[in-house]
Amino acid sequence: MPIKNAIHSQQVYDPTDESIMAEQELCMERLYDYNHTRPSEYAKREQLLKEMLAECGAGCWIEPPFHANWGGKHVHMGDYVYANFGLTCVDDTHIYIGEHTMIGPNCVLATANHPILPELREKAYQYNLPIRIGRNCWLGAGVIVVPGVTIGDNTVIGAGSVVTKDIPANVVAVGNPCHVLRPISEHDKEYFYRDRKINWETL
């Protein structure tokens, strides 16, 4: 198997192969340029994102600094995805983020993992599992999503949660490990926070 295909094979491989590292370096150069844009350089940031990401929908925005092993090369974003400061994408394989999803500051989406067996780990071997985040999700500040996880449409992940297993659509989930707290319900059509009512007339 060609080493470039190995990263997406979900099998153990050697990430220190020279051809892999050379390609990664090129991606990281572009990421460096993105992170060193000025706040007023909106057009430049938009253009760099289109060049960096595997897919970049309309209206996507990532606040610098953005960290990614492959500079976003394996990150797929639908329309109007917003990521706040400090997003880390360990994008050794594909990360899919659905349209209108919001990602809070200092979140980590990590596709890379390492074998438990010490003999393999001391040789720096790894394997990668894709992450899938549905449309219109919200990940609160400091959320960590581990390799292979899928999060369903419309779901909210509470701040500081560590998502180790798949989370279904249309729920609020929290904790470490992250678990479903409750479904999104009729109550949420009336209240936006605790006892604070939504004023639909002003929206």
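Me: How many bridges join strand E18 to strand E19?
Reply: This is a predicted model, in which local features need pLDDT (the predictor's confidence in each residue, from 0 to 100) of at least 70 and side-chain atom pairs count only at pLDDT 80 or more, while totals for chains, interfaces and linings use all residues. Residues are numbered from 1 along each chain as its sequence is written, and side-chain values use heavy atoms, with hydrogens and water left out. Strands (DSSP E runs of at least two residues) and helices (H or I runs of at least four) are numbered from the N terminus, and two strands pair if DSSP finds at least two bridges between them. E18 covers residues 171-174 and E19 residues 179-183, and the bridges joining these antiparallel strands number four.

Me: Which residue in the hairpin of E18 and E19 takes a positive phi?
Reply: Within this antiparallel pair, Ala173 stands opposite Val180 in E19, and the hairpin has four residues between its strands. Pro177 also belongs to the loop between E18 and E19, and the peptide bond leading to Pro177 from Asn176 is cis, with omega near 0 degrees. The residue with a positive phi, near 100 degrees, is Gly175.

Me: Which strands are the edge strands of the open sheet of seven strands?
Reply: The order of this sheet is E2-E5-E8-E13-E16-E18-E19, and its pairing is mixed. At one end, E2 runs parallel to strand E5 (residues 82-83) and is joined to it by two bridges, with Ile62 having Ala83 as its bridge partner in E5. Each edge strand pairs on one side only, and the two are E2 and E19.

Me: In E17, which residue is the bridge partner of Val145?
Reply: A five-stranded open sheet with parallel pairing has the order E3-E6-E9-E14-E17, and its edge strands are E3 (67-68) and E17 (162-163). E14 and E17 pair in the parallel sense over two bridges. Across that pairing, the partner of Val145 in E17 is Val163.

Me: What is the angle between the planes of Tyr42 and Trp61?
Reply: Rings of Phe, Tyr and Trp (its six-membered ring) pair if their centres lie within 6.5 Å, with planes under 30 degrees apart counting as stacked, over 60 as edge-to-face and the rest as tilted. The structure holds one such aromatic pair, formed by Tyr42 and Trp61, which is tilted, with 5.9 Å from centre to centre and an angle between the planes of 45 degrees.

Me: How many residues apart in sequence are the parts that this pair ties together?
Reply: Relative accessible area (1.4 Å probe, protein chains only) classes a residue as buried under 20%, exposed over 50% and partly exposed in between. By that scale Tyr42 is exposed at 52%, whereas Trp61, at 15%, is buried. Because Tyr42 lies in helix H3 (residues 42-52) and Trp61 in strand E2 (residues 61-62), the pair ties together parts whose separation in residues is 19.

Me: Where is His100 placed?
Reply: His100 is partly exposed, with a relative accessible area of 36%. With contact meaning heavy atoms within 4.5 Å, and leaving aside residues up to four places away in sequence, His100 touches Asp79, Tyr80, Val81, Arg135, Asn136 and Cys137. Its place is in the loop between strand E7 (95-97) and strand E8 (102-103).

Me: What is the phi of Asn106, which is not a glycine?
Reply: Asn106 lies in the loop between E8 and strand E9 (108-110), and it is exposed, with a relative accessible area of 52%. Its phi is positive although Asn106 is not a glycine, at about 60 degrees.

Me: What radius of gyration does the protein have?
Reply: The radius is taken over C-alpha atoms, and the globule rule is 2.2 Å times the number of residues to the power 0.38. The C-alpha trace spans about 60 × 45 × 20 Å along its principal axes, and 39% of the 203 residues count as buried. A compact globule with 203 residues would have a radius near 17 Å, and the protein agrees with this at 18 Å.

Me: In which strand is confidence highest?
Reply: The mean pLDDT of the protein is 96, and 99% of its residues reach 70 or more. Confidence is lowest in helix H1 (residues 3-6), at a mean of 78, and reaches its highest value, 99, in residues 144-145, which form strand E14.
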